[in-house]
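Let's take a walk through this fold together. Have the viewer open and follow along as we go.

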Amino acid sequence: MEEEIVNRVKQSGLIQLDLEEMRVPGERIFLDIKPQLFMELVLKEKDFRIFLAEHDWASYQDKHVAVGCSNDAIIPTWAFMLLSIHLSPYAKTIAFGTLEDLEKILFKQCIDELNTQDLAGARVVIKGCSKESVPTNAYVQIAHKLQPLVKSLFFGEPCSTVPLFKKKS
């Protein structure tokens, strides 16, 4: 007689959270201010305002935009503020920094909005493998959010986890 295959992972009561599923869909763009610099060092306000007036801002429709400068130049804060003002009617998200900074911000927003009501007192596994890159900061943020709520927190896959936290009885 054959023994029935038992799915011990399913029976364990573990809830798996996949941060990759929280990844905000949409195109990400880095709007580099470097091409607007005179000799790649100085931002001339008059020239910059001409760029702002003539640029096709509609091309950023529904995109996630990081604004920054890839050159080591001192850019006045108001320049990034003006970029934000021009992008606001079109872009879904606007962030100062790199594309990596933008991704961290998008994940943080999702984690902040995550309904954790069903996770109170649960045994939770934060899935470790993903096809898309998930910033390490997202794992730090989710651990910080869940630790006060859950019974135990693990990292990895339900069949192979690293224990992170367990409430003391």
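Before we look at any pairing, one bit of vocabulary: two strands count as paired if DSSP finds at least two bridges between them. Also keep in mind that what you have on screen is a predicted model.

With that in hand, go to strand S7 (residues 123–127) and strand S8 (residues 152–157). These two pair in the parallel sense, and five bridges hold the register between them. If you want a landmark for that register, pick Lys127, which stands opposite Gly156 in S8. Now, what do S7, helix H5 and S8 make when taken as a unit? Follow the chain from S7 over helix H5 (residues 136–146) and on to S8, and you have a right-handed β-α-β unit. To check the hand yourself, turn the view until the strands point away from you: the path from the first strand over the helix to the second should run clockwise, because that is what right-handed means for a crossover.

Next up is an open sheet. Three strands form it, in the order S2-S5-S6, with parallel pairing. Which strands sit at the edges? They are strand S2 (28–32) and strand S6 (93–96), each of which pairs on one side only. Going from one strand to the next, the twist averages 25 degrees.

Zoom in on S2 and S5, and you'll find a parallel pair joined by five bridges. Here the handy landmark is Ile29, which stands opposite Val65 in S5.

Two helices pack on this sheet. Helix H3 (residues 77–87) touches S2, S5 and S6, and its direction makes about 160 degrees with that of S5. Helix H4 (residues 99–113) also packs there, touching S2, S5 and S6, but for this helix the angle is quoted against S2, and it comes to about 135 degrees.

Finally, pull up the backbone torsions, since a couple of loop residues deserve a look. Glu40 has a positive phi of about 55 degrees although it is not a glycine. You'll find Glu40 in the loop between strand S3 (37–38) and strand S4 (42–43). Is Glu40 buried or exposed? With a relative accessible area of 41%, Glu40 is partly exposed.

Asp62 is another non-glycine residue with a positive phi, this one near 60 degrees. Its place is the loop between helix H2 (45–54) and strand S5 (64–68). Asp62 has a relative accessibility of 43%, so it counts as partly exposed.

Note on methods
Residues are numbered from 1 along each chain as its sequence is written. This is a predicted model: local features need pLDDT of at least 70, side-chain atom pairs count only at pLDDT 80 or more; totals for chains, interfaces and linings use all residues. Side-chain values use heavy atoms; hydrogens and water are left out. Helices (H or I, at least four residues) and strands (E, at least two) are DSSP runs, numbered from the N terminus. Buried means under 20% relative accessible area, exposed over 50%, partly exposed in between (1.4 Å probe, protein chains only). Axes are lines fitted to C-alpha atoms, for helices over the stretch in contact, and angles run from 0 to 180 degrees between N-to-C directions. Contact means heavy atoms within 4.5 Å.
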